[in-house]
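Trainee: I have a new model open and would like to talk through its fold with you. Could we go through it step by step?

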Amino acid sequence: MPGSGARATSNYRDRNSTADRALDILLLFNEKKLVWSGAEIADRIGVARSTGYRYMQSLVNAGFVEEGAGGFRLGPRIFELARLARAGTSLGDIAVPAMRSLVAAVGETALLTRRSGRFVVCLELVEAPRPVRLSYERGHVLPINAGAAAEVLLAWASPDEVASVLNTAPLERFTAKTLTDPAQLQARLAQIRKDGVAISQGELDKEILGVAAPIHSARGGVIAAVSVAALASRVPRSEVKSLKLAVKTAAANISEQLTIADI
């Protein structure tokens with residue numbers, strides 16, 4: 001039977017609630033695959049196609065998914081929730097001025113990111129006036145194990161959270177430099193905490209250099225990261241140290257403003 005092999009080895013067997021399945025379905029959608037057929041979804045989450053279709057109809061009725069000629073795609077309710085999520089936080093309002101100053105100082109694109117489970121979400125982005133632009137945008141979802149911003153956010157997570165993220169499922173490889181071994185990534189995270197800044201090159205995109213630093217809330221916890229993403233070819237090695245300092249300074253400025261605002 002088609003898809004039976006996927007169901008036999010599926011790690012969804014122990015998760016039976018409707019809420020779990022709905023979340024599993026929504027998390028299937030990504031930049032590379034924005035439309036799914038009902039059969040594909042059922043096979044991926046390891047259920048019979050009739051069962052999968054019932055889940056999809058519930059999501060359609062709630063507005064989280066819409067059905068078209070090509071299959072199922074994310075619906076308007078998702079975008080409304082994303083708008084409300086951004087409207088409900090003042091972090092972006094506080095961070096953007098510092099990000100603009102960072103971009104003016106280094107001439108590269110700056111990003112504000114937060115962690116959401118096994119993923120990282122780009123909350124704000126200030127682009128540099130360069131002829132070559134990066135493919136990031138607000139709402140862009142990034143992996144947890146590749147790139148400076150992701151590693152900074154994971155470095156200051158609790159040990160239990162880190163263990164859960166690293167051991168729940170295999171880490172995805174994006175380039176030859178992506179760290180997928182949990183022990184190696186744990187060592188990287190320890191070094192990032194020691195340095196107070198993360199730098200990566202070619203872990204997510206082969207040509208991208210990233211530098212990130214943690215943003216602390218008024219209560220001291222790391223709630224976000226500010227980072228710079230640039231084409232590695234246009235950042236001389238001699239400028240990396242000053243780039244790291246600029247990013248750390250921006251993160252400190254944002255953290256200070258959050259403390260003043262008691263956020």
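Trainee: At roughly what angle do the axes of helix α7 and helix α9 cross?

Mentor: Good place to begin, and keep in mind that this is a predicted model. Helix α7 covers residues 148-155 and helix α9 covers residues 182-195. Their axes come within 9 Å, and the crossing angle is roughly 85°.

Trainee: Is α7 roughly parallel or roughly perpendicular to α9?

Mentor: The class of roughly perpendicular takes in angles from 65 to 115 degrees. The two axes cross at roughly 85°, so α7 counts, relative to α9, as roughly perpendicular.

Trainee: How do the residues of that contact divide into nonpolar, polar and charged?

Mentor: From α7 come Glu-151, Val-152, Leu-154 and Ala-155. Helix α9 brings Leu-185, Arg-188, Leu-189, Ile-192 and Arg-193. Sorted by type, the residues of the α7 and α9 contact are six nonpolar, no polar and three charged.

Trainee: Let's move to the sheet. In what order do its six strands come?

Mentor: This is an open sheet with antiparallel pairing. Its edge strands are β5 (141-143) and β6, each of which pairs on one side only. Neighbouring strands are turned against each other by 30° on average, direction ignored. Read across, the order is β5-β4-β3-β8-β7-β6.

Trainee: Which residue of β4 is the bridge partner of Leu-111?

Mentor: Strand β3 spans residues 109-116 and strand β4 spans residues 119-126. These two strands pair in the antiparallel sense over seven bridges. Within that pairing, Leu-111 has as its partner in β4 the residue Leu-125.

Trainee: Which strands does helix α6 lie across?

Mentor: Helix α6 is formed by residues 91-106 and runs at about 145° to β3. The strands that α6 lies across are β3, β4 and β8.

Trainee: Is Thr-113 buried or exposed?

Mentor: Thr-113 has its place in strand β3. Beyond its neighbours within four places in sequence, Thr-113 is in contact with several residues, including Val-120, Cys-122, Ala-149, Leu-153 and Ala-224. Buried means under 20% relative accessible area. The relative accessibility of Thr-113 is 0%, so this residue is buried.

Trainee: How many residues of strand β7 are buried?

Mentor: Strand β7 runs over residues 208-216 and is mostly covered. On one side β7 pairs with β6 (residues 198-201) in the antiparallel sense over four bridges, where Ile-199 has Val-211 as its bridge partner. Strand β8 (residues 222-231) also pairs with β7 in the antiparallel sense, over nine bridges, and there Ile-208 stands opposite Leu-231. Of the nine residues of β7, the number buried is eight.

Trainee: Which residue takes a positive phi in the hairpin of β7 and β8?

Mentor: The hairpin of β6 and β7 has six residues between the strands, and Gly-202 takes a positive phi near 75° there. In the hairpin of β7 and β8, five residues lie between the strands. The residue with a positive phi in that second hairpin, near 100°, is Gly-220.

Trainee: Finally, what percentage of the protein's residues is buried?

Mentor: The protein has 10 helices and eight strands. Of its contacts with a separation of 6 or more, 57% are between residues 24 or more positions apart. The protein exposes about 14000 Å², with 53% supplied by carbon and sulfur atoms. Among the 263 residues, the buried share is 42%.

Definitions and conventions:
Residues numbered from 1 in each chain as written. Predicted model: local features only at pLDDT ≥ 70, side-chain atom pairs only at ≥ 80, totals over all residues. Heavy atoms only, no water. Buried < 20%, exposed > 50% of the residue type's maximum accessible area, 1.4 Å probe, protein only. Pairing = 2+ DSSP bridges. Axes fitted to C-alpha atoms, helices over the stretch in contact; angles between N-to-C directions. Contact = heavy atoms within 4.5 Å. Parallel < 35°, antiparallel > 145°, perpendicular 65-115°, else oblique. Nonpolar A, V, L, I, M, F, W, Y, C, P; charged D, E, K, R; others polar. Areas by Shrake-Rupley, 256 points an atom, 1.4 Å probe, with all protein chains shown as cover.
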